[in-house]
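Please look over the structure shown below. The paragraphs after it go through salt bridges, a metal site and a helix.

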Amino acid sequence: MKALILNSGLGSRMGILTSDQPKCMTEVAHGETILSRQLTLISAAGIDEAVITTGLYDAALVEYCASLALPIKLTFVNNPEYRSTNYIYSMYLAKAQLEDQDVLLMHGDLVFEPAVLDDLLASDESCMVVSSTLPLPDKDFKSVIQDGRIRKIGIEFFEDAVASQALYHLKQKEWRIWMDSISAFCERGDVKCYAENAFNAVSDVCVLRPLDVRDRLCAEIDTPEDLSIVSKQLDGVKNRTVYMCFSTDMIHSGHISIVQKAAKLGKLTVGVLSDHAIMSYKRFPLIPFEDRRMLLKNIAGVSQVVEQQDLSYRQNLEQLRPDYVVHGDDWQSGFQKPIRDEVLSILATYGGQLVDYPYTHEERYIEIERRARAELSLPDVRRSRLKKALAAKGLVSVMEAHSGLTGLIVEDTCVHVDGKTYQFDGMWISSLCDSTAKGKPDIELVDMTSRFRTIDDIMEVTTKPIIFDGDTGGLTEHFVYTVKTLERMGVSMVIIEDKTGLKKNSLFGTEADQTQDDIESFSAKIAAGKSAQKSKDFMICARIESLILERGMEDALKRAYAFVAAGADAIMIHSRRKDPAEIFEFVDTFRARDAATPIVVVPTSFNAVTEDEFKARGVNMVIYANQLTRAGFPAMKHAAELILENHRAKECDDICMSFKDIITLIPDDR
Ligand code: SPV
Ligand code: MG
């Protein structure tokens with residue numbers, strides 16, 4: 001593609017500004033003339049050849065262009081009849097230089113912003129810049145549009161017309177048709193009219209689309225008054241600010257191209273979504289926040305990078321008040337729509353604008369995401385993520401899973417509430433639910449080999465960190481092997497409880513005979529586990545049963561301090577009271593002495609406390625230990641009863657998911 005810039009005119013309406021140089025050499029901003037700006041933008045857009053028509057100031061123009069030393073090859077075509085002809089004749093003279101290619105055609109007095117040129121060049125069809133928002137000018141060009149095509153261009157048309165500018169992207173075919181018409185005009189002596197008259201004569205076969213740039217800057221300079229208005233507008237363009245947020249941890253060429261487009265709109269600030277926000281809506285970020293910040297900072301066109309705490313843009317928009325927010329158009333529907341709506345309402349409060357660029361759903365980007373997920377399921381990567389999630393989020397929320405299917409539910413369930421998204425951070429392989437699924441009591445009857453099989457089933461189809469309910473840990477001599485196996489599998493944490501002998505589920509409390517291990521022997525078990533572990537990120541959590549067995553707060557705290565001293569990476573404090581008071585008292589007292597060791601709670605009984613409240617009190621992990629099993633069992637039982645009562649399955653269908661849904665429940669790539 002070549003550019004054709006028309007500079008043969010005298011520009012006499014500019015007064016003394018054109019007394020010894022052509023209009024295109026007029027300065028529009030400090031150190032920038034109309035022509036130097038055009039050439040710089042053209043060259044930045046990747047066009048490396050331009051034809052410039054000249055008139056009276058031919059020599060001055062050629063010399064000036066050489067002084068600019070731009071990486072663009074220039075050919076000058078002089079129109080010696082510049083006084084008696086219009087630019088239709090200059091174009092005719094330039095014809096030979098522009099055959100068999102696309103042409104970017106512009107008048108030499110046009111000032112436009114980079115985004116206008118970008119959109120023009122991105123068009124697959126021949127097009128001309130128009131503005132549907134500007135008023136129709138009295139004397140300047142207007143285009144008549146019918147059926148999405150430009151039918152006439154001229155200063156005299158007002159009906160069905162929009163303001164337009166002599167800035168065209170012409171594909172070879174349309175260029176040839178128009179040029180043939182220009183040749184016919186010139187060869188019969190019609191040289192004083194506009195080149196657009198020659199277009200109007202062939203507009204039925206020359207398909208030219210309007211490119212609506214609305215109120216983006218694209219203006220011609222005819223008079224000193226125009227110059228002062230356009231210079232001010234240009235100043236505004238240069239000071240414009242743009243904001244976009246990266247809610248991903250993978251930066252690919254699609255993102256770079258949006259950054260480049262956004263940077264053309266103004267000074268670009270990029271928001272980087274915090275680790276915890278990415279975790280809550282997508283998956284664990286493969287590249288941590290600081291690395292993502294550096295990566296984005298180094299992309300050309302990015303002026304500054306700031307953190308965006310949440311998916312909601314509110315905080316950053318209210319602070320930065322950018323002129324533009326840029327995003328892919330994929331957020332016009334789906335869970336991101338409320339976020340977009342909020343952005344629009346904030347922008348409306350101060351007159352900012354939203355620009356949605358077409359989103360690229362390319363297979364190779366989907367493949368990158370697939371590979372990223374696959375990496376998250378590798379044992380080393382999965383194991384280490386619990387510690388990272390604890391550090392990033394302060395409090396993690398964990399749901400029980402006892403099979404591949406329940407694992408998938410924990411992996412994929414995601415809800416969107418008030419513009420925020422929530423999902424679980426990890427899964428709990430509960431001894432109660434694992435045993436129940438096998439129709440067995442929760443008394444360490446299901447052996448470790450079978451428990452590991454459950455972990456395997458879950459691991460095969462998920463990526464989230466796993467916390468294993470290790471019951472009492474068994475004999476110390478056995479526990480050390482359990483630790484090594486769990487680590488090797490990619491489990492992040494094992495929780496063992498300070499009980500000994502026949503273990504019964506804690507929710508029996510004192511109704512069942514249960515023996516609490518003594519501090520020394522349980523501490524020794526923890527210490528043995530810690531020294532058996534090979535990786536640095538595997539965690540052993542000591543679970544304290546003193547409140548369950550009604551041994552008192554003091555005993556619970558004494559044990560907690562002792563188990564931490566023995567090497568426990570976290571403490572789980574359990575209670576079966578509805579009232580959370582004893583849990584809160586434990587957390588308060590423990591935190592006063594130990595600010596760092598993570599505290600885990602299982603709020604099966606004290607279930608009215610929210611995660612936010614737990615977090616505020618210093619809890620770091622909330623485990624929902626049995627809800628999927630408890631929800632699933634009555635639903636299945638009810639279905640069985642309905643069939644027995646009705647001697648057929650019809651009545652049961654209403655409470656079942658559809659057959660189509662069940663056969664498509666498991667995605668192919670699991
Ligand atoms: C489990 O889920 O198996 C537990 C927690 O150990 S609880 O049932 O509350 O004891
Ligand atoms: Mg258990």
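Which side chains meet in a salt bridge at 3.5 Å, N to O? In this predicted model, the side chains are those of E497 and R543. E497 lies in strand β24 and R543 in strand β27, so the salt bridge ties together parts that are 46 residues apart in sequence. E497 is buried, with 1% relative accessibility, and R543 is buried as well, at 7%.

A network of salt bridges with shared partners joins D434, K438, D442, R451, D471 and K503. Within it, the side chains of D471 and K503 meet at 2.7 Å, N to O. D471 is in the loop between β23 and α18, and K503 is in the loop between β25 and β26, so this pair ties together parts 32 residues apart in sequence. Both D471 and K503 are buried.

The magnesium ion (ligand 2) has S431 (OG) and D469 (OD) as its protein donors, 2.0 to 2.1 Å from the ion. S431 belongs to helix α16 and D469 to strand β23, with their positions 38 residues apart in the numbering. S431 has a relative accessible area of 2% and D469 one of 3%; because buried means under 20%, both donors count as buried.

Helix α18 covers residues 476–489 and reaches 20 Å from its first C-alpha to its last, close to the expected 20 Å. Its buried residues include F479, V480, V483 and L486. Among the elements that cover the buried residues of α18 are β23, β24 and β27. Just after α18, G490 takes a positive phi of about 105°.

Notes: Residues numbered from 1 in each chain as written. Chains lettered and ligands numbered in written order. Predicted model: local features only at pLDDT ≥ 70, side-chain atom pairs only at ≥ 80, totals over all residues. Heavy atoms only, no water. Donors = N, O, S within 2.8 Å, 3.2 Å for Na, K, Ca; no water. Helix = DSSP H or I, 4+ residues; strand = E, 2+ residues; numbered from the N terminus. Buried < 20%, exposed > 50% of the residue type's maximum accessible area, 1.4 Å probe, protein only. Expected span 1.5 Å × (residues − 1). Contact = heavy atoms within 4.5 Å. Salt bridge = Lys/Arg side-chain N within 4 Å of Asp/Glu carboxyl O.
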